[in-house]
Amino acid sequence: MSAVLVAVLCAALGVLVPRLIAAVPEPDEPAEDKQPYADIAARPGLAWQSALICAVIGALIGGAVGLDLALLFLVPLVPVGVALALIDWRTRLLPTRIIAPTYLVLVPLVVIAALASGEPRLLLLAAIGWAVMGGLYLLLWLIHPAGMGYGDVRLSGILGIVLGYLGWQELALGSWSGFLLGGIGGALLAAFKVVDRRHNPFGPWMLIGALAGIVVGPAFAVWMWGDLAA
């Protein structure tokens, strides 16, 4: 039941993905080969395609999380994630215009969800997730800025808050699976000449990895460590 409910809610919000993309202003000095955000938003069928993708993601999240207060912030993040993945795939950019407001909405909703659930410790876990995942990406960016955009660093903080709130299993799997999927997926896409290996956008892989952490994190931990994961 929760999977169906969350799927419907996410599908309804998914229809707004084109409007979210169209609202992003162009950079002051866009690259010559950059596709305009308005053109991405105007793709035929984008609204229903986004709604369908959001519905599938919502069903997966609803089935994994259930009717939990975490849905208060997970549901609105689904269309935001879809919009960011599409933008990064088309432009290799993760606009601050979307990410910054997402922080402003996410943090209060996380606080509300934790306090309403009667478990304020979840706020500490969310903060740890933010520090761990955001700190990891920041360190990687400082070491090799040419290999990672700072938009990935900004996005990692959002994902760290969400995964940390849900649990260490979700945080662990969601953090490293993005790198695993990005490496394997990027190599396969480059082999089939879908993308240039040097220009493989990492944001979509981060988001898919985070989804994997949410959906199968606890089950994966039990499979790996058995009773120690309880």
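1. Right after helix 8, glycine 167 sits at a positive phi of about 145°; helices here are DSSP runs of H or I, at least four residues, numbered from the N terminus. This is a predicted model, with local features needing pLDDT of at least 70, side-chain atom pairs counting only at pLDDT 80 or more, and totals for chains, interfaces and linings using all residues. Numbering runs from 1 along each chain as its sequence is written, and side-chain values use heavy atoms, with hydrogens and water left out.

2. Helix 8 itself (residues 150–166) checks out: its 17 residues should span 24 Å, and the end C-alpha atoms are 25 Å apart, which agrees. The expected span is 1.5 Å times one less than the number of residues. Most of this helix is covered, with 14 of its 17 residues buried (under 20% relative accessible area, 1.4 Å probe, protein chains only).

3. Have a look at tryptophan 48 in helix 4 (residues 46–65). It counts as exposed because its relative accessibility is 56%, the cut-off being over 50%. Trp48 joins Leu52, Val56 and Leu60 in a nonpolar surface patch of about 420 Å² (nonpolar side chains joined within 5 Å, each residue with over 30% relative accessible area and no salt bridge). As a reminder, residues three or four places apart on an α-helix point the same way, because there are 3.6 residues a turn.

4. The largest pocket holds about 680 Å³ of space. Of its 31 lining residues, Ile57, Gly81, Val82, Ala85 and Leu207 lie nearest the centre. Helix 5 (71–91) gives the most to this lining, with 11 residues.

Definitions and conventions. Helices (H or I, at least four residues) and strands (E, at least two) are DSSP runs, numbered from the N terminus. Patches are made of residues with over 30% relative accessible area and no salt bridge: like charges are joined within 9 Å, nonpolar side chains (Val, Leu, Ile, Met, Phe, Trp, Tyr) within 5 Å. Accessible areas come from the Shrake-Rupley method with a 1.4 Å probe; for residues, only the protein chains shown count as cover. A salt bridge is a side-chain nitrogen of Lys or Arg within 4 Å of a carboxyl oxygen of Asp or Glu. On a 1 Å grid over the protein atoms alone, a cavity is a set of points where a 1.4 Å probe fits but cannot get out, and a pocket is an open set with protein on both sides within 12 Å along at least five of seven lines; lining residues have an atom within 4 Å of a point. Grid points are joined across faces, edges and corners, and a volume is the space filled by probe spheres set on the points.
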